[in-house]
Structures are given as structure tokens and as C-alpha cells.
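Thank you all for coming. I would like to spend a few minutes walking through one structure, beginning with its interior and then turning to a few individual residues.

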Amino acid sequence: MRRIVVVGGGAAGVPLAVRLAEDPEITVTLVEAGPARDLPPELDDGTSIRAAAPDHPQNWAYPAHLTPERPWLVARGRVLGGSSAINGGAFVRACPAEFDAWAEIGGDAWRYENMLPLMRAIETDLDTGATAVHGCDGPIRVRRARTDTPLVHAFIHGAVELGFPVEPDKNAPGVAGVGTVPSTVVDGVRVSTATAYSGDCGPAGLTIVSETVVHRVLFDGIRTTGVETSDGVIPADDVVLCAGGIGSARVLLASGIGPRAQLEPLGIAVVADLPVGTAFSDHPDVTLTWRAATDLSQEVGSPFPATLDFAADAGDAVDTDLEIVLVTRPLSELLGDEPAAAGTQELPLIVSLQAPRSRGAIRLTSSDPTSPPDIDYGYLAHEDDRARLRIGVRTAAALLTSAAFAAMFQGFTDLDTPTLTDDTQLDAWIRGHLGTAIHLSGSAPMGTVVDGDGRVLGTRGLSVADTSILPTVPTRGPFATAVLIGEHVARVLRAHD
């Protein structure tokens, strides 16, 4: 019997563990740092993101710096289901061109047409049913928002007024534009991978070890032998890291997989000298807050129902490097327990840079595997990123001042015309409002750290299966791609015993 330990029960880890455990010749131990049962009710509430607040117990809240002057706490799920249990639910596939670019590094399995059958098998699209692009009997149920509610209607018609096309299906090939977001929030209920794949149990070959932190992977030479955890050693024939863009990089580095120049001064024996954590990417974003002149509390369901995806430069090779996200409730209400006071509704648009040039780094500061890593996002280091975010903010402002929003837009809360029209002032405003979409990818990328199937180079029996392995962050949110990675790597491992 082959023993596999899966580290991290999140968007990729749960699908991977379940698929592996369906093989009668494999036993799987899924190790999750957070709880697996008796979860707080707000995790089911898809109309809020309360567990993404830094002080929530189901949140890692990693300390980081977005820029040297902008400290941040990075929300990552610490619960079975991982960040899929605390996120906004957007389940949007990467674009075909991105898959084909990844295939140039990871092999033909990554081409869009080769991944499409697996993407179809993952989902039950409640809006389209079975088509050449969509599935109807997969574990992940997907629903899009209604277009006839006041905010969604204004958002779509405002974008069209500005000359952007309608994008009828953000999970199908086609022209990027404005449209509703495929989401795992169905009838107001958030469905995580834990709920979708395993329910209360899962396959007989799956054992879930919860509230246990993995410190490092153990080796005999370059061969994996198991993992060291907060509760002792778990032996294994294979180990798969699914702890996310931060967590998997941290475990790799603590295990001696990483840059020699970083690890040896910390007294960590190097197993494989690989560029772990040296050039990750993520989506920087800014929030443009506006005052609503009318009561919009009737907007229900997903708090992020629609997006406008577009290119800052129509001649650029990247066709969707900017995204504007419609948000239907005040951020304080989404992250808190109390609704906003009547008559003081301030709603945000989130402007996100989807194809950043700037890169970040994750480093260890101690050989103690319980110490948090140093996370430097390096946002706005590239002038091109600053220029494109200016375009994004100005487009969002134009959207809110369009005729479609005339009946509901009362004004910006803290952005005036002099700031909006002056590059220097707007750059300063952006730096003061900078946040992150929390889509960290590429901390253990294909080509330099792992191969196209997630196997860590220079080792035996060790793989990574999460957004760490993507060479670049997808230009759409990575949740759907993370699930796809888990399913793909599970099939590879089952085929190579």
C-alpha cells in the first residue's frame, strides 16, 4: 500500500487528497493546520467575508509588506477548505492564452484544449448545463449573479456606455469585457472544496489530521520519507505540499529546498538549491469608495457579482491586465458582524492590476519552522504597474460618473478631481489605498522549482500542487485554477506509482 501525505486541505489539497484516496492502492493522510469540524456559521455565509478579517481564528493573517511603507496582514484560510472557505467565491478560469503560455514551460498537458475536459469535470454549471465548454455533474456548483438588480444593471450598462463589450461568460473563450462572475456562492451559501468534495467523510482511504501544523519535509538523501509536524512525525512514500503560495514555500524552505545563499546562513541543510520564493506575483489592488444616493440593500447573494476586465493598452499582448470589481456592500460590513448604519452607505469598487510586472519574495528569517516568513510583495516597483493602475482608477471613476449610475452616485468619499487628473497626486493616492487581491502565485514555479506535474526538481517523492507552481498569477482569480491543479496532480500521482 502506497502512503501519501498531503499538506494543506485547501482549494487544491482537498480535491487532490480525495482523488488520490479513491485509488484502493493508496492511503492518504491529509494534514490541515486548522479545524475540520464544528466550524463557525459565518464560513457558510457567502454574502460576507468575515473570516478574511485579520483577527478571525480561521485566518493565518501572515505579516507582510506590500511596499516598504505599506505593512499588511495577508488573509489565508486556516481551516479545512482553506481559503475557499473564507473567500468571495469567484470561480473564474484562467484564459486560454495563459494555459498555452504555461504549456511552453510545463508541457502539453497544460494546453487549454487538454485541460478543458478536466475543467468541465470539476464543475456543475447551474446556469449553462452541459455544453462543449461547461460540465453539469462535477463537485463544484457554479452560479452567476442576476443582472436585473440595480447595481449590477448600472455596472454593466455603465461599462457599455464607456465602450466596453459585454462578456456573457467569463469561463468561456471570447472577448474580455463586463459581465457577471461565476461563483461558488449559491443561494447565499459559500461552498468550499471541503464541502464540495468530502462532505462529512470522504473516501475510505482518506484520513484527515486537523489542527496540526507541518514544520518540514523529511528526507533520506533526496528521497522523501515523511513530514515533521507539531504532533510528531508522519511517515510517507510521497508528500504533496498544498499549503498555498505562502505556506508551501515556507515548508519547502524549512525543509532545505530553496536558495543555498539564503538557507545555509540559517543553518538549514540544503537538499536542493532551487529559487523558491524569489519572484512571486500577485494582484495589487486599490479601493475606490463612493456614496450611494439610494438604498441599495436589496442587492443580495455574492458580494462580488460582476467585473469589468480590460486591457490598459489595446495594443498590448495581454488582453485583460486590469479588472474592476463591483462590490455590493460596504467593506466594513463584509468584514464585520454589524450592518452599516442606515443612510451612510459607502460602497467600493476594487481596481486590480491583473498582469503585474513587479515581483515579490518570500524568505525565512530563522531556522525555526514556526517563525513566520518575511514576505515582500514589491508592489509598484515597476513604473508600468503604476501607469496601468492610474488607468484603472480613472476608468472606475468614469464608470461611476456615467449616465447609468446617475440615479445612485452621490460622490467619491476621498478622491477629488485634482488628484484624479494629476499623475503624481494619483500615484500618492494609490500608494495610500494599496491592497492585495491575495492571489499569490509563482513561489515554486514550473520550470525552475517543479516540473509540469508538480514534482520538485532534484528530489524524489516530493510534489507541490497549488498556485505556487504557476509561473505567473492568472489574469483572473486563481480559485478555479487551484482546484484544477489539485485534480491534475492527483491524476499524475495515481498514474505513476
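What follows is a short tour of the core, one enclosed helix and three loop residues.

Please keep in mind throughout that this is a predicted model. Let me start with the interior, where the largest nonpolar core has 126 residues, and where the residues with the most contacts inside that core are Trp110, Phe155, Trp290 and Phe405. Helix α12, which runs over residues 479–495, gives the most to this core, with 9 residues. Apart from it lies another core, of 6 residues, and among them are Phe304, Val325, Val327 and Ile350.

Helix α12 comes up again when we look at helix α1, residues 13–21. Is α1 enclosed or exposed? It is largely enclosed by the rest of the structure, because 9 of its 9 residues are buried; these include Arg19 as well as Val14, Leu16 and Leu20. As for what covers the buried residues of α1, the list includes the strands β1, β2, β10 and β14, together with the helices α5 and α12.

Now to the loops, beginning with Ile86, which is found between β4 and α2. Ile86 is buried, with a relative accessible area of 5%, and its contacts, leaving aside residues up to four places away in sequence, include Leu43, Ile49, Ala51 and Ala52, as well as Arg76 and Arg190. Asn59 is 27 residues from Ile86 in sequence, and the C-alpha to C-alpha separation of the two is 8.3 Å.

The second loop residue is Glu167, between α4 and β7. With which side chain does the side chain of Glu167 make a polar contact? The partner is Arg476, at 3.1 Å. Glu167 counts as buried because its relative accessible area is 4%, where the cut-off is under 20%. Setting aside residues up to four places away in sequence, Glu167 also touches Asp309, along with the run Val175, Ala176, Gly177, Val178 and Gly179.

Finally, Ser441 sits in the loop between β24 and β25, and this residue is buried, with a relative accessible area of 0%. A polar atom of the Ser441 side chain lies 3.0 Å from the backbone oxygen of His439. Beyond residues up to four places away in sequence, Ser441 touches Phe280 and Ser281, and also Thr467, Leu470, Thr472, Val473 and Pro474. By way of contrast, the C-alpha atoms of Ser441 and Gly163 are separated by 32 Å, with these positions 278 residues apart along the chain.

Note on methods:
Residues numbered from 1 in each chain as written. Predicted model: local features only at pLDDT ≥ 70, side-chain atom pairs only at ≥ 80, totals over all residues. Heavy atoms only, no water. Core = buried A, V, L, I, M, F, W, Y, C linked by side-chain atoms within 4.5 Å. Buried < 20%, exposed > 50% of the residue type's maximum accessible area, 1.4 Å probe, protein only. Helix = DSSP H or I, 4+ residues; strand = E, 2+ residues; numbered from the N terminus. Contact = heavy atoms within 4.5 Å. Polar contact = N/O pair within 3.5 Å; in protein donor to acceptor, adjacent residues only side chain to side chain.
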